[in-house]
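Please open the model in a viewer and keep the sequence panel visible alongside it. The tour below proceeds one selection at a time and states what is found at each stop.

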Amino acid sequence: MEYIVSARKYRPMSFDTVVGQSALTTTLKNAVKSGKLAHAYLFCGPRGVGKTTCARIFAKAINCQNPTADGEACNECESCQSFNEQRSLNIFELDAASNNSVEHIKTLMEQTRIPPQLGKYKVFIIDEVHMLSTAAFNAFLKTLEEPPAHVIFILATTEKHKILPTILSRCQIYDFERMTVANTVNHLKHVAEKEGIQYEEEALAVIAEKADGGMRDALSIFDQAASFCQGNITYQKVIEDLNVLDSEYYFRLVDYAMANKASEAMVLLNDVINKGFDGGLLIQGLAKHVRNVLMAKDPQTLPLLEVSDQQRQRYQDQAQRCQTSFLYKALQLMNQCDINYRQSSNKRLLVELTLIEIAQITQPEEGPASGRRPRRLKSLFKQLMQQSLPTKAAPQVAAAAPKPQTEERSTQSAPKVPASQPKLKVTSLGTSWNNLRKAGKMNILPGTPGGEAANNSQVENATFTQDDLELQWMAMCNRMPQQLVGIATRMKNMNPVITELPKVEVMVGNELIKEEMEKIYGSILNTLKKYLHNSAIQLTITVSEYHENMKIMTRSEQFEELSKQNPSVEKLRAAFNLELA
């Protein structure tokens, strides 16, 4: 006797035998009963959920000469018999994956002109319609919009987003749902009973989860497991055949983490890896398990668990022992590990660190008897900084009158620290434009009390040249933040001049630019003081008068003027292929 796979042998032959699509099949049966049929239908959804099957059942019911009161085909009339025997001339199926050209669609359109020989309608089922080319879609468009009265199109696709909107607008669209684990398990039980195969419900649940919502995939996996188990499908044999990690590992890992047993978790990880499973697969499975435990804590979310009744009870028992905060933190750690897994050069170490961190979530806070929790880097850095600072008595010793070197060596055991050494703070290391802008808002100008306080921390009176001034001015403009890019661009074209050291003057073109610069005057002045190492700098902003007949040249104009005066500069630029910054 010829063997037929379960996906074909138990393909539904009526609407009532379709699994998991009750709302959709009810709508189609009502359309058959009322006779209100559209000229085009689009069935879309994931693979293996019954799109083509429903299209065939619907096509048979449309042409049935004696439909039942529920809208089902009678399976006794000549039209139904010819369809069941695959000799019907009124129902055509086209695989658009291999017949996607304009010529194939034109040939199909020519057949629509011929009326049906038996029955009321000619039904054209086009599977994987998204594979049609754009030209084929355009050739199909006019006929789809206004087909002959005796023609009905049923399109099926797994990728609705690839179909042209003009096609979608001319069809009634039916979205098929994914199969739930419960529906899949019930159908597998029915098939197993028909075939005389013994089974464990947990084993069928594993098959349903592996199928990921597709009934055809579930039946294919069922046939594979039945061959491996030789008529007795058990949980252990199914996970061995499908290479699925036993859920017992996940329950044990969570128990170890709650008990802070990191070493036991490491041994369990090694056992998993030795069995050929990937560490990333373990993290993904553990994350799904922890999510299920979290769902089991609340009766409202308990129906979200697509597992067998026995597994659901185990999740509930473990949820009672786990704190919600532990589950949240564990999910965050595993999600971060999953993100970094591909980029990691030492994947096993990354998984081990993640499991250790999960095992430390419920540890008590750091105390005198516990040194297991890691110390934070910031607090450790602060302690090191405080150790390097002088004691309170050190400034008094440093401020005392100087003693001869010999006495100092014989009487002083601790090193002296100068009184002028500033105290260090971690948060005050470095200088940013943000700090300088805050200083500008506080009106820290020369001669004011705030300005003196700001500059007395470190007095510098270094001399600087015109070149130094221009260099630091340009560097300052390049460091200015994005919100000041407008004034920074204008300032790059200005030429600050040393009038009388340390007095600096910068000339602007108009009052508007002067007002913009005065808003950040304090930041500009403090930056020049800092990088020119002179706290006595005075900055003056003046507006050039028209009678001075002075033109402010850009950097490019300055370079052109310099090249005219010294042609060697242009030769140097051309020789090294330089560009003006």
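How many bridges join strand E3 to E4, and do these strands run parallel or antiparallel? Select residues 122-127, which form E3, together with E4: 6 bridges join the two strands, and they run parallel. Please bear in mind throughout that this is a predicted model.

**The whole chain**

Before going further, display the entire protein chain. Its secondary structure comprises 28 helices and 10 strands. The chain has 581 residues, of which 38% are buried. Its accessible surface amounts to about 34200 Å², and carbon and sulfur atoms account for 51% of that area. Consider next the contacts between residues at least 6 apart in sequence: 71% of them join residues at least 24 apart.

**Strand E4 and its partners**

Return to E4 by selecting residues 151-157. Are the residues of this strand buried or exposed? The strand is mostly covered, with 7 of its 7 residues buried. Show the side chains and examine their directions. Val151, Phe153, Leu155 and Thr157 point one way from E4, while Ile152, Ile154 and Ala156 point the other way; all of them are buried.

With E3 still in view, select Asp127, whose bridge partner in E4 is Ala156. Then add residues 40-44, which make up strand E1. E1 and E4 also pair in the parallel sense, over 5 bridges. Within E1, pick Cys44, which stands opposite Thr157 in E4. Cys44 has a relative accessibility of 3% and therefore counts as buried.

**Phe92 in strand E2**

Now select residues 91-95, strand E2, and highlight Phe92 within it. Phe92 has a relative accessible area of 25%, so it is partly exposed. Which residues does Phe92 contact, leaving aside its neighbours within four places in sequence? They are Gln111, Lys122, Val123, Phe124 and Ile125. A distance label between Phe92 and Phe153 is instructive: the two are 61 residues apart in sequence, and their C-alpha atoms are 9.8 Å apart in space.

**Cysteines and the loop after H3**

Select the cysteines next. The structure holds 0 disulfides. Cys74, for example, is in no disulfide, and the nearest cysteine sulfur, that of Cys64, is 3.4 Å away. The cut-off for a disulfide is a sulfur pair within 2.5 Å, which is why this pair is not counted as one. Cys74 is buried, at a relative accessible area of 19%.

Move to Gln65, in the loop between helix H3 (51-63) and helix H4 (78-84). Gln65 counts as partly exposed, with a relative accessibility of 41%. Not counting residues up to four places away in sequence, Gln65 touches Cys77, Glu78 and Leu118. Asn75 is 10 residues from Gln65 in sequence, and the C-alpha atoms of the two are 9.7 Å apart.

**Helix H23**

Select residues 466-479 to bring up helix H23, which has 14 residues. From its first C-alpha to its last, the helix reaches 20 Å, close to the 20 Å expected at 1.5 Å a residue. Colour its buried residues, which are Leu469, Gln472, Trp473, Met476 and Cys477. These residues cover an arc of only 140° around the axis, and therefore lie on the same side of H23. Rotate the view to the other side of the helix, where Asp467, Leu471 and Asn478 are exposed.

**Backbone details in three loops**

The last stops concern the backbone. Select Leu501 and Pro502: the peptide bond from Leu501 to Pro502 is cis, with omega near 5°. Pro502 is located in the loop between strand E8 (497-500) and strand E9 (503-508).

Proceed to Gln230, in the loop between helix H10 (215-229) and strand E7 (232-233). What is unusual to look for here is its phi, which is near 55°, a positive value in a residue other than glycine. Gln230 is exposed, with a relative accessible area of 72%.

Finally, select Asn243, in the loop between helix H11 (235-241) and helix H12 (247-258). Asn243 has a positive phi of about 55°, although it is not a glycine. At 48% relative accessibility, Asn243 counts as partly exposed.

Methods
Residues numbered from 1 in each chain as written. Predicted model: local features only at pLDDT ≥ 70, side-chain atom pairs only at ≥ 80, totals over all residues. Heavy atoms only, no water. Helix = DSSP H or I, 4+ residues; strand = E, 2+ residues; numbered from the N terminus. Buried < 20%, exposed > 50% of the residue type's maximum accessible area, 1.4 Å probe, protein only. Contact = heavy atoms within 4.5 Å. Areas by Shrake-Rupley, 256 points an atom, 1.4 Å probe, with all protein chains shown as cover. Expected span 1.5 Å × (residues − 1). Arc of directions from axis to C-beta. Pairing = 2+ DSSP bridges.
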